[in-house]
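User: I've got a new chain open and want a quick walk through it. Can you take me round the side chains and the backbone?
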Amino acid sequence: MKHILVTGGAGFIGSSLIKSLINDHEVSITCVDNFDSFYPKAIKLLNISTFIHHPQVKFLDFDLADADELKKQLTEKFDVIIHLAGKAGVRPSIEQPLAYQRANVNATQNLLEFAMRQGIKQFVFASSSSVYGVNPNTPWKENEPLMPISPYASTKLSCEQLGHVYSHLYEIRFLALRFFTVYGPAQRPDLAIHKFFKSIINEQPIPVFGDGSTSRDYTYIDDIILGIKACINYDKSMYEIINLGNHNTITLSNLIASIEATCGKKAIIDRQPEQPGDVPQTYADISKAHRLLDYSPKTDLNTGLEQFYKWYVTNEATLK
């Protein structure tokens, strides 16, 4: 039986991963989350409600950036670390760069030190498409020049490089997965799809930054989870950076139109200027993920939006 450490396990991606993993009776899971105040604790409690008392899951509440607390709390041996915890969000990172450095880089360094001390050889890290910055050479391959334009993006790149150091020095297999705009049931409330559904359903204006021509490679949560799970037993190389996207880019205007169609209401547009740190386009080349992980996204945007809508309507009272 594999013992898997999942950090950020009460968040959107982490809780979705754990729900999928507990269907596999060959794993036990330790879930770490410190209920960061970035969004309401009630939402994270909803995320973990189906597995918090599951016999295969142990839950720990502490801050990974506190090295002493990490040593005190993590005393068991793990086969795999899946590190999804961290402060998210491009725009807030511009306001709080030091907090992002601590939560993202310091915490990752602490976990890598823990992996080195404990002899843990499989480390999966949640990176981000934001590391590519402004780059018109799309779709982006993993070997593109990187020019991050936000503190959040720079912390993710720093963690990728830390992973390379520890992989080289201590033979830890480090797999950095660059996620491209993940959405679906339980998506964070600060992200566009969640915010747009909430505002349109409640007939409130939605903020649209720029003219609506910016585009994103929206990737459904179930596809991301399949990519993460494929890394648990990956053993072909010691260090890899891998895009996990949908290989399809959608403009903001078309996204809004699709959301309108899904919930049967028109959006009230509040046009605002473009924001610092935002990139005009994201678009993943996923050929490497397909080759190494047999990754092949299955969910189209309209299907994914419908699944999010059903989840939102079911849980709307908690999400207000």
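**Rings, cores and odd backbone spots**

Analyst: Start with an aromatic cluster: ring pairs join Phe197, Phe308, Tyr309, Trp311 and Tyr312. Bear in mind that this is a predicted model.

User: How many aromatic pairs does the count come to?

Analyst: The count is 16 aromatic pairs. Take Tyr183 and Tyr218: the ring centres are 6.5 Å apart and the planes stand at 85°, so this pair is edge-to-face.

User: Which parts of the chain does that pair link?

Analyst: Distant ones. Tyr183 is in strand β7, residues 182-183. Tyr218 is in the loop between β9 (215-216) and β10 (219-220). The two tyrosines are 35 residues apart.

User: Is Tyr183 buried or exposed? And what about Tyr218, buried or exposed?

Analyst: Tyr183 is buried, at 0% relative accessible area. Tyr218 has 7% relative accessibility, so Tyr218 counts as buried too.

User: Which charged ends sit over rings?

Analyst: Lys41 puts its charged end over the ring of Phe35, 4.8 Å from the centre. Arg178 does so over the ring of Tyr132, at 4.9 Å from the centre.

User: Switching to packing. Which residues touch the most other members of the largest nonpolar core?

Analyst: Ile13, Phe179, Ile228 and Leu255 do, in a core of 70 residues. Helix α8, residues 221-232, gives the most to this core: six residues. Another core lies apart from it, with 27 residues, including Val32, Leu64, Leu70 and Leu111.

User: Back to Phe179. What does Phe179 touch, leaving out residues up to four places away in sequence?

Analyst: On that basis, Phe179 touches Ile13, Leu84, Ala126, Ser127, Ser128, Ser129, Ile224, Ile228 and Leu244.

User: Now cysteines. How many disulfides does the structure hold?

Analyst: Zero.

User: Why is there no bond for Cys31?

Analyst: Distance. The closest cysteine sulfur, in Cys231, is 19 Å from the sulfur of Cys31, so the two are too far apart for a bond. Cys231 is in no disulfide either, and the nearest cysteine sulfur to Cys231 belongs to Cys159, 16 Å away.

User: Are those two buried or exposed?

Analyst: Cys31 is buried, at 0% relative accessibility. Cys231 is also buried, at 0%.

User: Next, Ser93. Where is Ser93, and what does Ser93 touch?

Analyst: Ser93 is in helix α4, residues 90-95. Leaving out residues up to four places away in sequence, Ser93 touches Tyr100, Ser150, Pro151 and Tyr152. Ser93 counts as buried, with 0% relative accessibility.

User: And Pro273, where does that lie?

Analyst: In the loop between β13 (268-272) and α10 (287-293). At 59% relative accessibility, Pro273 is exposed. Pro273 touches Phe209 and Gly210, again not counting residues up to four places away in sequence.

User: How far apart are the C-alpha atoms of Pro273 and Gln109?

Analyst: They are separated by 37 Å, with the two positions 164 residues apart along the chain as the separation.

User: On to the backbone. Which peptide bond is cis?

Analyst: The one from Thr138 to Pro139 is cis, with omega near -5°. Pro139 is in the loop between β5 (122-128) and α6 (151-170).

User: What about positive phi in residues other than glycine? Which ones should I look at?

Analyst: Ala186 and Asp294 both qualify. Ala186 has phi near 80°. Asp294 has phi of about 55°. As background, most residues other than glycine have a negative phi.

User: Where are they, and are they buried or exposed?

Analyst: Ala186 is in the loop between β7 and α7 (192-201). Ala186 is buried, at 5% relative accessibility. Asp294 is in the loop between α10 and α11 (301-314). Asp294 is exposed, at 63%.

User: Last one. What feature does UniProt place at residues 5-307?

Analyst: The unreviewed UniProt entry gives "domain: NAD(P)-binding" there. Over residues 5-307, the chain is 40% helix and 18% strand. The end C-alpha atoms of that stretch are 28 Å apart.

Conventions:
Residues are numbered from 1 along each chain as its sequence is written. Side-chain values use heavy atoms; hydrogens and water are left out. UniProt positions are given in the numbering used here, feature names are shortened, and annotations may be inferred rather than shown by experiment. Helices (H or I, at least four residues) and strands (E, at least two) are DSSP runs, numbered from the N terminus. A nonpolar core is a set of buried Ala, Val, Leu, Ile, Met, Phe, Trp, Tyr and Cys residues joined through side-chain atoms within 4.5 Å. Buried means under 20% relative accessible area, exposed over 50%, partly exposed in between (1.4 Å probe, protein chains only). Contact means heavy atoms within 4.5 Å. A disulfide is a pair of cysteine sulfur atoms within 2.5 Å. Rings of Phe, Tyr and Trp (its six-membered ring) pair if their centres lie within 6.5 Å; planes under 30 degrees apart count as stacked, over 60 as edge-to-face and the rest as tilted. A charge sits over a ring if NZ of Lys or CZ of Arg is within 6 Å of the ring centre and within 35 degrees of the ring normal.
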